[in-house]
Amino acid sequence: MNINRKKTEYLLAIILGVISTFVYFDLRYAFGNYDTPFFIACGMYVFSIVLLRLTSRLTIGIVVLLITSMAIHYMLYGPVRLTERLGEWFFLFLCIGIVQYSFETFFR
Amino acid sequence: MHLLLIKVLTILLMRKHTVAILIAATLFVVPFFWLKPGFVDLGGDAGRLYFLDPFSVTKNLYQQQNLFGASIFAIIPYQLFLALLKQIVLTPTYLISLEHGIQLSVSFYSIYLILRSISKGLSHKKNPVETFTAIAGGLVYVGFITKTGWVTSLETFNQIFLNPLMFYLLLRYVMTSNSLYALCILGLTFLYSQNFGFSSMPQLMSFYPFAIVFLFLYIRVILKKSFPWKNIVLLFMLFVGLHAFQLVPMIGSIFDSKGVGNAYIFSKTAQTSAGAEYFDANRQTLGKLSWGLFQPLNWNGNTLFIAVIPIITFLGFFIKRNTLLAILGSFFVITFYLVSANITIIGVRLYRLLFSIPGFLMFRSFDDKWYYVFSFFFTVLFAVSFFLLLHQRRKLVVVSVFLLVSVSVIFRIFPFLQGKHYEGDLFQSNNVPVVFDIDPDLMESLSFVKTLPDDGNALTLPLTLPYFQVIHGKQSGAFVGLSMVRLIGGKDDYPGFWSFGSYQEPMIQALRDADVHKTLQLLSLLNVRYIYRNTDQRILDKFPRYPYYKFDMTIDIPTINSQSTYDDYLRLFPLTTLYEKGFYRIQKLSDTVVRPTVYIPDVVYASQSGAIENMSFRSAYVDPTICLEMFQCDLQQTQQSKLSFTRLSPVTYTFDLDMSGVTDPFLIILSEDFHPSWKLKFNETNDQTFQHVVGNGYANAWVVDPAKTQLSGNVSGIIELTFKRYFVIGNIISGITVLISMSLIIYRIIKKYEHKP
C-alpha cells in the first residue's frame, strides 16, 4: 500500500488522537470496568501498525510515557484505580511493542 | 572535581571484581547490625526454631519418617549445616545475621557475575560499561529482594540468592561443560535441599522452567552454540538421585490418598476452593501492577526515584535492535502478567483457568510465588537495556546514569539496611516487638522435656488458636510460632485448639462447662500425659486477641481467660509437678487417667460421647457397625488381654500380649493418627489380615479375633508404619548417587593427573 509521508502522518495523528481520547475517557471511568476500550484502542493501534508500517520505537515511546505517568500517579495517590488502569494500558502496549520489536529483530 | 571523581570511579570499577567484592562484603556485614546481641526473630508460620537449637530440631525431624516428615524432610541437610555454623558463631543471633548476610551478599554477587557473563555476549570488545552494568544490576536486584520476608522468614526464602546463584552456575555449566560447575550445583542443591523439596515446589516450578528456557534461547539464539542436552540430562539425573532421600517420600505422599500433597494436586475441591476462590479473594487487594513495577515500595516509595529503573529498562529498546533484549522483553511480559494477576478481565479469566491444571494451586499466592522470578528477569532486562543505552556514550554520561541508579536504589533501601524492618510489632499484640531475647529458663525447661520418656503426648498451655505457642522474651518481644515443645523438646503436643482435630468442639465445651472429668477423658483419648505450662501473665495480657481463642471465636471460656483461672482449673486435675523454674512448669497426669499409647480397651463404645462420659480411662470407641458386629458394644469386656509395649521410634512399636483364656475378639489401639500403612504383625502367625479401623476418632485400631488367628498364650508383635520404606529407599538411592558422584570426581582428577606432562 503506497501512502505518502504526509498522508501517513495525518492518518497517524488521527489514530493516535482517537486512541488517546479512548485512554483518557477510560481513565475517567467513562466506560466502566470493562475490556472494551482496550480491545478497540489496541485493535486500532495494531491496525495502524500494519497499515502505516509503524516501528516499535513509537510503541515503546508510548510505553515509556505510560510508565512515567503511572509512576507520578503512584507517587501522588498510591495504587488507586487510575494508577492500576494506567498499568493495564502500559502492559498492553508493552505486549504490542515487544511483539513488534521481536518481529523487527528476528525477521527484518 | 567532577572529572576527578569520574576518573577515580572508572579506575576502581575497571579493576576486575574489586568494587563488586567490596559491595558484597559490605552487604554481608550489614545484617550483623540488625539484631541486638541475644535477640532473635524465630516465630511465624514456618517455625525457624532451627536457629535456636538446630541439632535438636534435626534429630526430632529425622525421626518423623511419616507423612508429615515427607513434606519437610528436605530441610535436614540445611539444619545440619546451621548446626555446624552454630559451633562457629555460637549464638542464634549471629546465626540469623550470618544467614541474612549470605542472602544479601550472594544475591548481589551472583547477579553481578551473571551480568558480566551476559554482557560479554552483547559486545565484541571489552567495554568498561560491563562493570557498571553488572554492579548496577546487582544493586537493583538487592533493591527488589528487600520487599518482604526478612523477619520470621520461611525456610524457602533462600530462593532470593539461590535463584541467581543457580542460574549463574547453570549458565557457566552450559557454556563451558565444566563438571566443576555441575558439582557445585549438586552440592548447593543438597545443602539447601528444602529449596528443592516439597515445600518449595512453587518457588522451584516458578523459576527453573523459565530459567532453563532462557538459557536454551541464550545459548542457541544469542551465542549460536549447541545446547548441551546430554550434560543437562546427566545433571538432572544426578540431582534426582542425590535428592532421592526427600523426593521418594515426597512422591510417596503425593500418591497417598491421605497425603497433603495428594489433596493439593488432585482434589477438585482444593482446585476450586483453595485455588481459584483463594486467588479471587486475594486478587483485588494484592494484584497491583504498580507494586510489581516500582519495587521496593516499603522504603521511601513516594519519591520520583521509583520511576528511574522502569524507565531505563524500556529506554534500551530505542537504541538498536537486539535479540537478547527481545527475548528478555518476552520473559518480562509473561512474568509480569503472572505476578500481577490482575490485567484486564479476560486476563483474569485466563489466569483463573490455569487453576484447573493439577498442581497450579501452589501459585495461588501469586504475588509472592512469582515475585522473585519476575524480579530476576526485570533485573536482567534492566541491565541489558542499561548496557545498550550507555555502551557507546561518554564516560560522564555513563557515570552519571550509574550514580543515578545507585543512589535511587540505595536511598530507597537505606531504612532496610539500617534494620528498620525489625521494628514491627507482632500481629494484634499490645506493641510487642517481633524480636525477642531468649529466657534461659525456657531453654532449661526444653532440655527437661527432652529427657521425658516416650510414653505419651504433652498439652502445651495456654492454649492458642490455631496452634501457636507464645513465649515472651526475658526483657522484651515475644515468640509466636510453632511449638517449641514439639520441635526442640521432641515431644508431640497439643498447643492449640486446631491441633485437637475432631476433639476441638468437645474440648471447648468441656472447658466452658469446667467439666474436669470430660476434659481428662478427652486428654486421655489424645494420649496426653504431660502438661507444659507457661505461667507468664504477659503472654495473655499483651495478646488480648490473636493468637488466643478470643481471636475468632465468639464464645467465652472463663476457665482459660487468665493464668489464675488456669491455676484454679488445673488444681482439680490429678497432677504431679516434675519441673518448675521461672515461668515454666512441667506436670504429669496420674497413670489412672492416662490411656497408654498402645492399649487394649476394657469397653468399646459406638460413640465418642459414650467413651467420654464413662468413668473408665481404658475405653475406646469405633464405628457403630464394627462395634455392634465384633464386640459387646458399650459393655465391659468379659475377657481382658494384657499388653505391654516399647516405642522404638515414632513409626515402630513392639508389643507383648498375654492372650491366655481369651477367645472373644478384642481391639488393639495405637494412639497415632490413622493411616492405612500402619501395620500390625504377630511374630507367631503368618495370617496378618487384621481389620484395621479408625479408633477414638483419629487413632489406629485393629480387631484381633483369636478364633481366626489361632493365637493363644503369650505372643509378641510389631506395629510399624510401612510408609517409612520410602525413606529407606530414598536414603539408599541418595547414598549410591553420592558414591557415583565421588567416583566421577576421583576419575576426573586421575585423568587430569595422567594428562599432565
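This dialogue reads several features of a predicted model, from one chain as a whole to a pocket and two single residues.

Student: How many helices and strands does chain A have?

Tutor: Secondary structure is the natural starting point. Chain A holds four helices and zero strands, and the order of its elements from the N terminus is α-α-α-α.

Student: What box do the C-alpha atoms of chain A fill, and what percentage of the residues counts as buried?

Tutor: Overall dimensions and burial are best read together. Along the principal axes, the C-alpha atoms of chain A occupy a box of roughly 45 × 30 × 20 Å. Chain A has 108 residues, and 48% of them count as buried. Its accessible surface is about 5,900 Å², with 68% of that area belonging to carbon and sulfur atoms.

Student: What share of the contacts in chain A joins residues 24 or more positions apart?

Tutor: Sequence separation sorts the contacts. Among contacts in chain A with a separation of 6 or more, 72% are between residues 24 or more positions apart.

Student: Where does A:Val46 lie, and is this residue buried, partly exposed or exposed?

Tutor: A residue is placed by its element and by its accessibility. A:Val46 belongs to helix α2 of chain A, which spans residues 36-52. A:Val46 counts as partly exposed because its relative accessibility is 38%, and partly exposed covers the range between under 20% (buried) and over 50% (exposed). The C-alpha atom of A:Val46 is 9.7 Å from that of A:Gln100, a residue 54 positions away along the chain.

Student: How many positive and negative side chains does chain A have?

Tutor: Charges are read by count and by place. Chain A carries 9 positive and 6 negative side chains, and 12 Å separates the centres of the two sets.

Student: Which residues are closest to the centre of the second largest pocket?

Tutor: A pocket is described by volume and then by lining. The second largest pocket has a volume of about 550 Å³. Its lining has 19 residues, of which B:Phe196, B:Leu204, B:Tyr208, B:Phe236 and B:Phe239 are the closest to the centre. Elements of chain B that each give two or more residues include α8 (159-176) and α12 (244-254). The largest share, six residues, comes from α10(B).

Student: Is B:Ser671 buried or exposed, and which residues is it in contact with?

Tutor: Here accessibility and contacts are taken in turn. B:Ser671 is placed in strand β15 of chain B, residues 666-673. B:Ser671 has a relative accessible area of 6%, so it is buried. Beyond its neighbours within four places in sequence, B:Ser671 is in contact with B:Asn527, B:Pro596, B:Thr597, B:Tyr599, B:Tyr698 and B:Ala699.

How values were computed. Residues numbered from 1 in each chain as written. Chains lettered and ligands numbered in written order. Predicted model: local features only at pLDDT ≥ 70, side-chain atom pairs only at ≥ 80, totals over all residues. Heavy atoms only, no water. Buried < 20%, exposed > 50% of the residue type's maximum accessible area, 1.4 Å probe, protein only. Contact = heavy atoms within 4.5 Å. Areas by Shrake-Rupley, 256 points an atom, 1.4 Å probe, with all protein chains shown as cover. Lys, Arg positive; Asp, Glu negative; His and termini not counted. Charge placed at Lys NZ, Arg CZ, Asp CG, Glu CD. 1 Å grid on protein atoms, 1.4 Å probe; cavity = no way out; pocket = protein on both sides within 12 Å on 5 of 7 lines; lining within 4 Å. Points joined across faces, edges and corners; volume = space filled by probe spheres on them.
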